[in-house]
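I opened a fresh page for this model and went through it piece by piece. Here are my entries, in the order in which I looked things up.

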Amino acid sequence: MIEGVLIATTIFVLIVAGIYGILVSRNMIRLLICVETLFNAILLSIVAVGASTSRLTSFGLLGLMAIVLTAVEVAVLTAVLVLLYRRRRSLRLEALRELKG
Amino acid sequence: MSVWVDAAAAALTLIAVVSAAGIIAARRTFYSAFWLAGVGLAVAGFMALLGFTYLATFHLIVYVGAAASFIAFTLLMLGEEAEAGEEAHDPRKLGLAVLLAAILWFPVAHVVLRHPPLPGSVEWRNVASMLTERLWLPLLITVVGLSAALVEAITLTRGVKESD
């Protein structure tokens, strides 16, 4: 029971930290880090619900796919950020507004 | 045994909370990447406690070892100028974050608190057979999509290098 409460508390704190970080960040890499924090909360939710409902196989598979997809997403996003920095010499969010057509 | 499990869960919760606070409060973005690794470590620990040992190892290797390190190395490569941009801390935004988090968290908490998670063991043979027999088409689409995304990332970077 205590474990369930601790896991639920951890998920809540990670979601709060992720959302607050997204709202206050002005640097794109820090924004990415906060999105990754949210991902960790979601991953923990998947695993906890899987253990609670005794569907370990299905939710284990879902967790595995989520980890792989997120790793690739980080790779692609950092490549895009490196390119953006080379062009704009800045990773501030205001620089994105200048990209409007 | 149960006391040790509860103690381990409490320690992991503490690590996750401190790391999450570190991500927000860190002055330099590089330190936020370091704290992200701490969050990944705590989540991997929870996965191991719940019986997803392979998933925990995978998470440590792929996420903490690769993704978080990737972000840190990118920051080192770009230099201090890339870290510019101070955060606009605001108590109202924290209140909004708590409200949104409560909305998102409620369905998960409803399941987890009503039916406390029981540590089990995953039969990875079942996972493998499910992947290859029932879910082969989604697996194929995922592999093709991931490969395309990686090739695109490499092409994007090489394209700018050649134009420089």
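**Entry 1: a threonine to start from**

I began with A:Thr70, which is buried at a relative accessible area of 7%. The model is a predicted one, which I note here before going further. I placed A:Thr70 in helix 3 of chain A, the run of residues 56-88.

What does A:Thr70 touch, once residues up to four places away in sequence are set aside? I found A:Glu36, A:Phe39 and B:Tyr63. Two of these names, A:Phe39 and B:Tyr63, come back in the next entry as an aromatic pair.

**Entry 2: the rings**

I looked up the aromatic pairs next and found five over all chains. For A:Phe39 and B:Tyr63 I noted ring centres 5.5 Å apart and planes at 40°, so I wrote the pair down as tilted. The angle falls in the tilted class because stacked needs planes under 30 degrees apart and edge-to-face needs over 60.

Which chains does this pair involve? A:Phe39 sits in helix 2 of chain A (residues 28-52) and B:Tyr63 in helix 3 of chain B (residues 53-78), so the pair joins two chains.

I then checked how covered the two residues are. A:Phe39 has a relative accessible area of 10% and is buried. B:Tyr63 is buried too, with 1% relative accessibility.

A second pair caught my eye, B:Tyr54 with B:Phe58. Their centres are 6.3 Å apart with 15° between the planes, and I logged the pair as stacked. Both residues belong to helix 3 of chain B, and because they are four residues apart there, about one helical turn separates them.

Are these two buried or exposed? B:Tyr54 is partly exposed at 46% relative accessibility, and B:Phe58 is also partly exposed, at 21%. The value for B:Phe58 misses the buried class because that class is for residues under 20%.

**Entry 3: another threonine**

I turned to A:Thr10, which I found in helix 1 of chain A, residues 2-24. With 1% relative accessibility, A:Thr10 counts as buried.

I listed the contacts of A:Thr10 without its neighbours within four places in sequence. From chain A there is A:Leu44, and from chain B there are B:Thr13, B:Ala16 and B:Phe46.

How far is A:Thr10 from A:Ser45? I read 9.7 Å from C-alpha to C-alpha, for a sequence separation of 35 residues.

**Entry 4: a phenylalanine in chain B**

My next stop was B:Phe30, in helix 2 of chain B (residues 29-49). B:Phe30 is partly exposed, its relative accessible area being 26%. I also took its C-alpha distance to B:Val17 and got 19 Å, with their positions 13 residues apart in sequence.

**Entry 5: chain A as a whole**

With the single residues done, I stepped back to the chains. Chain A has four helices and zero strands, and its order from the N terminus reads α-α-α-α. I compared its radius of gyration, 17 Å, with the 13 Å that the globule rule gives for 101 residues; the value is well over the rule, so chain A is more spread out than a compact globule. The C-alpha trace spans about 50 × 25 × 20 Å along the principal axes.

How much of chain A is buried? I noted 64% of its 101 residues. The chain exposes about 3,900 Å², with 65% of that supplied by carbon and sulfur atoms. Among its contacts with a separation of 6 or more, 55% are between residues 24 or more positions apart.

I looked at charge as well: chain A carries 10 positive and 5 negative side chains. The centres of these two sets lie 10 Å apart.

**Entry 6: chain B as a whole**

Chain B comes to six helices and zero strands, which run α-α-α-α-α-α from the N terminus. Of its 164 residues, I have 37% down as buried. Its accessible surface is about 9,800 Å², and carbon and sulfur atoms hold 70% of it. For contacts between residues at least 6 apart in sequence, 57% join residues at least 24 apart.

Terms used: Residues numbered from 1 in each chain as written. Chains lettered and ligands numbered in written order. Predicted model: local features only at pLDDT ≥ 70, side-chain atom pairs only at ≥ 80, totals over all residues. Heavy atoms only, no water. Rg over C-alpha atoms; globule rule 2.2 N^0.38 Å. Buried < 20%, exposed > 50% of the residue type's maximum accessible area, 1.4 Å probe, protein only. Contact = heavy atoms within 4.5 Å. Areas by Shrake-Rupley, 256 points an atom, 1.4 Å probe, with all protein chains shown as cover. Lys, Arg positive; Asp, Glu negative; His and termini not counted. Charge placed at Lys NZ, Arg CZ, Asp CG, Glu CD. Phe/Tyr/Trp six-rings, centres within 6.5 Å; stacked < 30°, edge-to-face > 60°.
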